[in-house]
Amino acid sequence: MRAAFPDFRLGKVLATSFTGTLSERHGEAVERIPTPHRLVDWLTVNGLAVDSCTTAQLDLARELRESIHAAATAAAIQDALPVSAVHVINDCSAQGRAAAILTPEGKRHWRLGSASRVEDALSVIAADAISILAGERDGKLALCASPTCQAAFFDTSQSRTRKWCDMNTCGNRQKKARFHANQRKNPGSR
């Protein structure tokens, strides 16, 4: 029987969804890609299927994830991008063999190299991070308002005032906490 893993938190932006494979960074951290096979699962769900993954490739993926998170956090607070993070992102972007493919429906998909290596998939994630960090996409980087999460996310809302990385998790948790706090203050209002 396979061990149960936490569900993936999927978003519409590949790079920030990838950083979400480690959540609750300032609380009880939740690692969503604890094994090489779980990274293969995440990549497959995100349209970047690979044949296999080694422990070294998982380590590289986590290094890229943390570099994207560090750079996105710096960008969100309008700080200088960490040089070491930029170096890792650029290296991963240059290592892969992936091509953008236009579907008949007008969507972009990625075709990885013929051997479907993890490095090919990581290059796509790194390229996505570069497009966000370079300001090439419509939106802005922000940090989750949850004190235990503080995940970087790409806000594409019309007003650019989104507070939570995910309304169904962090936003809902904060709303519940506020509700219960109000119930304790005003016990007769039930």
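Where is Gln 150 found? Hold that thought; the tour gets there at the last stop.

**Start with the whole chain**

Show everything as a cartoon first, and keep in mind that this is a predicted model. You should be able to pick out 6 helices and 6 strands. Walking from the N terminus, the order of elements is α-β-β-α-α-α-β-β-α-β-β-α. Along its principal axes, the C-alpha trace spans about 65 × 45 × 40 Å. Of the 190 residues, 39% are buried. If you draw contacts between residues at least 6 apart in sequence, 54% of them join residues at least 24 apart.

Now switch on the surface. Its accessible area is about 10700 Å², and carbon and sulfur atoms account for 52% of that. Colour by charge while you're here: there are 25 positive and 19 negative charges, and their mean positions sit 10 Å apart.

**Select Phe 18 and Trp 42**

Hide the surface and show these two side chains as sticks. The chain has 1 aromatic pair, and you're looking at it: Phe 18 and Trp 42 are tilted, with 5.1 Å centre to centre and 50 degrees between the planes. Phe 18 belongs to helix 1 (residues 14-19) and Trp 42 to helix 2 (residues 36-45), so the pair ties together parts that are 24 residues apart in sequence. Both Phe 18 and Trp 42 are buried.

**Stay on helix 2**

Select Arg 38 to Leu 43. What do Arg 38, Leu 39, Val 40, Asp 41, Trp 42 and Leu 43 share? These residues of helix 2 are buried, the charged Arg 38 and Asp 41 included. Bring up the neighbours next: the buried residues of helix 2 pack against helix 1, helix 3 (55-76) and helix 5 (118-133).

Zoom in on Leu 39 for a closer look. Leaving out residues up to four places away in sequence, Leu 39 touches Phe 18, Ile 33, Cys 53, Gln 57, Leu 58, Ala 61 and Val 118. Then step just past the end of helix 2 to Gly 47, where phi is positive, at about 75 degrees.

**Light up the cores**

Which residues touch the most other members of the largest nonpolar core? Select Phe 18, Leu 39, Leu 64 and Ile 125; they are the ones, in a core of 36 residues. Helix 1, helix 2, helix 3, helix 4 (83-95), helix 5 and strand 6 (152-155) each give two or more residues to this core. Helix 5 gives the most, with 8 residues.

Another core, of 8 residues, lies apart from that one. To find it, select Cys 144, Ala 151, Phe 153 and Trp 164, which are among its members.

**Finish with two odd backbones**

Most residues other than glycine have a negative phi. Two spots here go the other way.

Select Glu 24, in the loop between strand 1 (22-23) and strand 2 (30-31). Its phi is near 55 degrees, a positive value in a residue other than glycine. Is Glu 24 buried or exposed? With a relative accessibility of 10%, Glu 24 counts as buried, the cut-off being under 20%.

Now back to the opening question. Gln 150 is in the loop between strand 5 (140-143) and strand 6. Gln 150 isn't a glycine either, yet its phi is positive, at about 50 degrees. Turn the surface back on and you'll find Gln 150 partly exposed, with a relative accessible area of 32%.

Conventions. Residues are numbered from 1 along each chain as its sequence is written. This is a predicted model: local features need pLDDT of at least 70, side-chain atom pairs count only at pLDDT 80 or more; totals for chains, interfaces and linings use all residues. Side-chain values use heavy atoms; hydrogens and water are left out. Helices (H or I, at least four residues) and strands (E, at least two) are DSSP runs, numbered from the N terminus. Buried means under 20% relative accessible area, exposed over 50%, partly exposed in between (1.4 Å probe, protein chains only). Contact means heavy atoms within 4.5 Å. Accessible areas come from the Shrake-Rupley method with a 1.4 Å probe; for residues, only the protein chains shown count as cover. The place of a charge is taken as NZ of Lys, CZ of Arg, CG of Asp or CD of Glu. Rings of Phe, Tyr and Trp (its six-membered ring) pair if their centres lie within 6.5 Å; planes under 30 degrees apart count as stacked, over 60 as edge-to-face and the rest as tilted. A nonpolar core is a set of buried Ala, Val, Leu, Ile, Met, Phe, Trp, Tyr and Cys residues joined through side-chain atoms within 4.5 Å.
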